[in-house]
Amino acid sequence: MAGRIEDYALVGDLQTAALIGRDGTIDWLCLPRIDSSAVFAGLLGTSDNGFWRIGPTSEPDASPARADRRHYRGDSLILESEWDTPTGTLRVTDFMPPRVGAPRLVRIVEAVEGTVTAASTLCLRFNYGKVVPWVYKTTDERTRAAAGPDAVWLDTAAETHGAALTTRSDLTLTAGERVAFTLTWQPSYDPTPPDRLDTEQALEDTGKFWSDWVAQCTYSGPHRDAVIRSLITLKALTNPVTGGIVAAPTTSLPEDLGGVRNWDYRYVWLRDAAITMSSLLRAGYRDEARAWRTWLLHAVAGDPENLQIMYGIAGERELPETMLNWLVGYENSRPVRTGNEAAGQRQLDVYGEVIEALYLAAQLGLERDETSNHLLVKLVQSVDAHWREPDKGIWEVRGPDRHFVHSKVMAWVAVDRTIKLIESGHADGPVDQLKVLRATIHQDVCAHGFDRERNTFTQSYGSRELDAALLLIPQVGFLPADDPRVIGTIEAIQRELSTPDGFLVRYPTDGPHTGVDGLPGDEGAFLVCSFWLADALAMIGRDDEAQDLFERLLDLRSDLGLLAEEWDPLRRRQVGNYPQAFSHIGIVDVALALEQGSARRACVPGGAAR
């Protein structure tokens, strides 16, 4: 049975990732890419759907022991888990070397103290746990598993044997002894076996890669540890070959345990990727921003009129949604989905997020690029043509289109940032015409998206529902933070969308009935919304309240500093896909905002609040 979502650690090579439980079990790994089919899918099914467990030897039919300690080695994605046994201490070190050639997963087992017995049980199941591969020993004593187009090689000095459709090893180690296991993927039709990996050198090189990358971070505030862990997590979701940035490494981890709100997040949302790129930029990272800008140009190509809200990692447009009916789902949350039909939705806000990211890149010194400027003009022309139309909104509702206020605000952002890019010499375009468009959108939102009786903006034109995305109105500069309409909106959202523990849901849901999003069921507190609230509270001068909320959000992280998409306030558990880029963006952005706010107050006589 899969563990709690927050009990999983993440290791990855920037092109795919594995989730490892507290008991040393890998329950999720897709090869060769993060959006490929899984070779371990126990996370969404049962042990029959694939896993790899390494840990102390346990009694037959006994549950595997949970590690007594685990941590990442320094600022890296190298995981170390330790078990104290009656005869000694066992350590397992898990990592994936940043990829050069084939993807590899390395597990090093060692005795730290005394004499320990350990076991490795490798259960490979291709095609998301559906296919049992052909497993055999090669003439040079390597283990090869193959099915269809995929092959996986296991290299180890340990003795292995087959039992019950698994590959097993039993080890007895004394203090200082260590044995490595390396899993390597390659196409099954490749006639040349992969090279054997020097695991000790790979471990050293992986540690150096992460320490060198982290050294580029410019943030040095009081929350540095949380920010660094979040940045590392975001980096793990950033493909260095294509430049694409995925929303999460998993599919179908439920927002509502036992429900149907289970989606595939292993793709590049323009919104999520643009905001991730912005967070990386403000923390000092330029290379990822350049790579993402290039990815954007390739994905959108010469057809911005048909802009999609998400693409595949290499810019693929077709992401058909499929149900994997042989998987029972995480804690019986069905269906398990691959692909995402939201790729075909119209979401007007993505124009604003993309252009905002291009604007920030220019502000922070990324060189002018004529191709991206051409795209910029085409995008704002699309905004001009379509901003009056209803859409699916930031939350990708599967109900009817609406005139979502956040979508209109972000259309305004797209025009506003384009004007600023033109005026600063970073782009060319009809600035006077755009200023008229900017004013028109602003007037329309204020006239139709504001409830004067309740002094709050609403989720959509003519509705009474609220939406946590409205908290972004002062952040994007649509209205100043001290505008009474902004303060009224923040207070209304805090009052009406808060869970009992003070975190925010995105918008009201209607339990077993179909609500605005077209889906039955409820969901937990959407974590990035609570980070938005912390930022908004700081902007209106409620700094102590903002700091308290931020600290309570940090307390929700796993022992390894990771966050899923949502928090279930009743079960007090993380839910949704994991780890989630949006949640870690929230950590980075609020930490930066609080630091900037402190710096500004320090310049005011007496340190007055804003």
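## Helix α12 and the turn after it

Gly-541 has a positive phi of about 90 degrees, and it sits just after helix α12. This is a predicted model. Helix α12 covers residues 527-539, 13 residues in total. From its first C-alpha to its last, α12 reaches 19 Å. That is close to the 18 Å expected at 1.5 Å a residue.

How much of α12 is covered? Twelve of its 13 residues are buried. Among them are the aromatic residues Phe-531 and Trp-532. Leu-527, Val-528, Leu-533 and Leu-537 are buried as well. So are Ala-534, Ala-536 and Ala-538. The buried set also includes Cys-529, Ser-530 and Asp-535.

## Cysteines

The structure holds zero disulfides. Cys-217 has a relative accessible area of 11%, so it counts as buried. Cys-446 is buried too, because its relative accessible area is 13% and the cut-off is under 20%. In α12, Cys-529 is likewise buried.

## Aromatic pairs

The model has 14 aromatic pairs. One of them joins Phe-209 and Trp-210. Their ring centres lie 5.1 Å apart, with 85 degrees between the planes. The pair is edge-to-face. Its two members differ in exposure: Phe-209 is partly exposed at 28% relative accessible area, whereas Trp-210 is buried at 1%.

How are the rings of Trp-213 and Tyr-285 arranged? Their planes meet at 15 degrees and their centres are 4.1 Å apart, so this pair is stacked. The stacking cut-off is under 30 degrees. The contact links distant parts of the chain, 72 residues apart. Trp-213 belongs to helix α2 (residues 199-214). Tyr-285 lies in the loop between α4 (270-282) and α5 (287-300). Both Trp-213 and Tyr-285 are buried.

These residues belong together. Ring pairs link Phe-209, Trp-210, Trp-213 and Tyr-285 into a cluster. Within that cluster, Phe-209 is partly exposed, while Trp-210 is buried, as are Trp-213 and Tyr-285.

## Charges over rings

Which residue puts its charged end over the ring of Trp-52? Arg-107 does, at 5.2 Å from the ring centre.

A lysine takes part in a second arrangement of this kind. The charged end of Lys-408 sits over the ring of Tyr-461. The distance to the centre of that ring is 5.7 Å.

Technical notes. Residues numbered from 1 in each chain as written. Predicted model: local features only at pLDDT ≥ 70, side-chain atom pairs only at ≥ 80, totals over all residues. Heavy atoms only, no water. Disulfide = S-S within 2.5 Å. Buried < 20%, exposed > 50% of the residue type's maximum accessible area, 1.4 Å probe, protein only. Phe/Tyr/Trp six-rings, centres within 6.5 Å; stacked < 30°, edge-to-face > 60°. Helix = DSSP H or I, 4+ residues; strand = E, 2+ residues; numbered from the N terminus. Lys NZ or Arg CZ within 6 Å of the ring centre and 35° of its normal. Expected span 1.5 Å × (residues − 1).
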